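Hi,

Here's the structure I said I'd pass on. Have a look at it first, then read my notes below.

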Amino acid sequence: MDNHPISEDPKTPLLPLHDQIQRSQSFHSSLKSILTLKNFFVLLGPLLCTIICLCVKLDGPVASRNMLAVLVWVFAWWLTEAVPMPITSMSPLFLFPLFGIASADDVAHSYMDDVIALLLGSFILALAVEHYNIHRRLALNITLVFCGDPLNPPLLLLGICGTAAFISMWMHNVATAVMMMPVATGILRRFPTGPDHSVVASNFCKAVILGMLYSITIGGMSTLTGTGVNLILVGMWKSYFPQAAPITFSTWFCFAFPSALLMFLALWALLCCLYCSRSSGQALSVYLDKAHLKKELELLGPMAFAEKMVLALFSMLIVLWMTRSITEDIPGWGVLFNGRAGDGTVSVMVATFLFIFPSKKEKGEKLMDWEKCKKLPWNIILLLGAGLAIADGVRSSGLANILSKTLDFLEAVPYVAIAPAVCLISSSITELITSNNATTTLIIPLLIQIARSMHVHPLLLMIPGGIGAQFAFLLPTATPSNTVGFATGHIEIQDMIKIGLPLKIVGIAVLSLLMPTLGAYVFKTSEPV
């Protein structure tokens with residue numbers, strides 16, 4: 001029996017007040033959790049896609065309008081990061097078939113192209129280099145050679161930056177930054193910090209971190225495997241122009257390495273002028289000399305069999321990449337297989353050897369096992385696959401032809417004016433909005449149509465646009481490499497702007513001058529596509 005009779009007062013609530021308040025708070029908190037900016041961005045992609053499908057009419061097949069709608073959806077999610085970038089990168093796998101752009105099989109093929117195989121194999125090899133600490137041994141050895149006796153700070157800086165650039169040529173930029181920055185901070189740990197530090201020592205620390213972080217970006221430009229941007233560009237070239245001569249590892253190297261070398265020398269000169277003069281050697285030699293570096297190297301011990309094998313396999317892969325296709329008069333080893341073997345073929349083959357050859361550390365242990373491969377950057381691999389799928393979709397849907405007609409007004413614009421603008425725009429997008437991989441995926445299809453409108457070879461714009469997307473030197477948030485360097489605490493944003501701005505100008509000038517000269521010779525841009 002209830003001991004608390006119900007009150008007859010009509011003002012008395014039927015339910016206790018605290019229950020009503022609790023329900024009201026619960027409703028408001030639920031509403032607040034739903035009405036967030038992130039959820040708005042999630043809906044923004046499908047919403048923009050629906051608006052385009054309902055309101056936009058293009059002078060072409062329905063598939064071209066659907067492709068434009070899907071493009072806007074995917075880029076809305078990429079730019080806002082409403083959905084994790086790797087998941088957004090997989091969205092063409094269901095959007096293209098549902099919107100009638102391509103079959104499921106055709107889209108899936110883009111995610112396992114020869115370019116993807118090249119990246120996958122090189123990533124596995126990079127993990128082996130990291131696992132056996134080969135990068136640290138190489139850095140210390142080269143730093144020891146360049147240290148000088150007595151200490152020569154500009155020469156030492158050249159050695160440190162040169163090592164970072166060289167390693168970045170063969171490994172992804174982010175992986176190189178994560179591996180090499182602790183090596184740099186280990187060398188700089190000997191310098192005093194806080195109120196005791198001298199201006200000379202502080203400037204040298206800034207020079208080393210800035211030099212290493214920008215050298216990694218510059219080194220990554222030199223080879224196809226250095227960064228995903230280069231691979232996206234090459235993959236899109238192959239997708240849009242399947243009958244044209246492919247851009248091989250050696251072809252890219254012949255153009256990109258001289259460009260990167262000029263930028264590297266400009267970077268070194270800037271750092272020496274602003275942060276690291278020759279006269280600072282006496283003040284710095286108190287904290288750093290050859291004895292310190294030798295001791296650091298001795299702690300690593302002699303090279304083991306496993307390290308030698310990984311180095312041998314890496315060297316073999318580089319030779320195979322460089323000699324697959326040499327010149328028209330001197331065919332490479334690729335001719336033995338009637339052109340069926342690609343750069344990705346040897347990349348995966350050499351990576352496979354790592355799981356076959358013994359490490360001689362423990363009985364039955366191989367150089368690599370799948371456990372060590374769990375750190376593979378699938379986000380970059382999926383992003384590259386999405387870029388290739390989008391390139392195929394834009395071409396096959398007819399959207400490429402429509403874009404070409406829209407950009408006819410650019411026919412009269414001279415190349416010398418458009419090339420620097422392309423570099424500046426692509427680098428600014430990376431600097432302020434999204435990653436260099438996403439920037440490249442966004443602008444390359446557009447640049448191909450602009451090139452058609454201007455009646456110039458597509459590579460004359462594609463390469464400045466792709467490489468220019470990597471010139472994000474001003475902000476710590478622009479690239480993961482910049483973030484890793486900034487996190488050391490040795491540099492500030494004004495230091496990045498002081499070196500990054502003139503370096504960006506040099507980079508744009510180098511690309512604008514070399515592309516119509518050296519690029520025209522290497523890529524044969526005078527010949528019709």
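Let's begin with a surface residue: Lys-360 counts as exposed because its relative accessibility is 61%, and the cut-off for exposed is over 50%. Keep in mind that this is a predicted model. Lys-360 sits in the loop between helix 17 (343–353) and helix 18. Its backbone is worth a look too, since phi of Lys-360 is near 60°, a positive value in a residue other than glycine. Why does that catch the eye? Most residues other than glycine have a negative phi.

Asn-133 is another case, with a positive phi of about 60° although it is not a glycine. You'll find Asn-133 in the loop between helix 7 (114–131) and helix 8 (134–146). Its relative accessibility is 33%, so Asn-133 counts as partly exposed.

Now zoom out. The protein has 24 helices and 0 strands. Of its 529 residues, 51% count as buried. Among contacts with a separation of 6 or more, 79% come from residues 24 or more positions apart. On the outside, the protein exposes about 24800 Å², and carbon and sulfur atoms supply 66% of that.

Next, a pocket. The second largest pocket has a volume of about 520 Å³. It is lined by 30 residues, and the closest to its centre are Met-85, Ser-435, Asn-436, Asn-437 and Pro-480. Several helices give two or more residues to this lining, including helix 4 (85–90), helix 10 (173–188), helix 21 (436–454) and helix 23 (480–486). What is the lining of the second largest pocket made of: how many nonpolar, polar and charged residues? The split is 13 nonpolar, 15 polar and 2 charged.

Helix 23 is also where you'll find Asn-482. Is Asn-482 buried or exposed? Its relative accessibility is 0%, so Asn-482 counts as buried. Leaving out residues up to four places away in sequence, Asn-482 touches Leu-213, Ala-472, Phe-473, Leu-475, Pro-476 and Met-496.

Last, the cysteines. The structure holds 0 disulfides. Take Cys-55: the nearest cysteine sulfur, that of Cys-53, is 9.7 Å away. A disulfide needs the two sulfur atoms within 2.5 Å, so Cys-55 is in no disulfide. Cys-55 is exposed, with a relative accessible area of 60%, while Cys-254 is partly exposed at 42%.

Cheers

Terms used. Residues are numbered from 1 along each chain as its sequence is written. This is a predicted model: local features need pLDDT of at least 70, side-chain atom pairs count only at pLDDT 80 or more; totals for chains, interfaces and linings use all residues. Side-chain values use heavy atoms; hydrogens and water are left out. On a 1 Å grid over the protein atoms alone, a cavity is a set of points where a 1.4 Å probe fits but cannot get out, and a pocket is an open set with protein on both sides within 12 Å along at least five of seven lines; lining residues have an atom within 4 Å of a point. Grid points are joined across faces, edges and corners, and a volume is the space filled by probe spheres set on the points. Helices (H or I, at least four residues) and strands (E, at least two) are DSSP runs, numbered from the N terminus. Ala, Val, Leu, Ile, Met, Phe, Trp, Tyr, Cys and Pro count as nonpolar, Asp, Glu, Lys and Arg as charged, and the others, Gly among them, as polar. Buried means under 20% relative accessible area, exposed over 50%, partly exposed in between (1.4 Å probe, protein chains only). Contact means heavy atoms within 4.5 Å. Accessible areas come from the Shrake-Rupley method with a 1.4 Å probe; for residues, only the protein chains shown count as cover.
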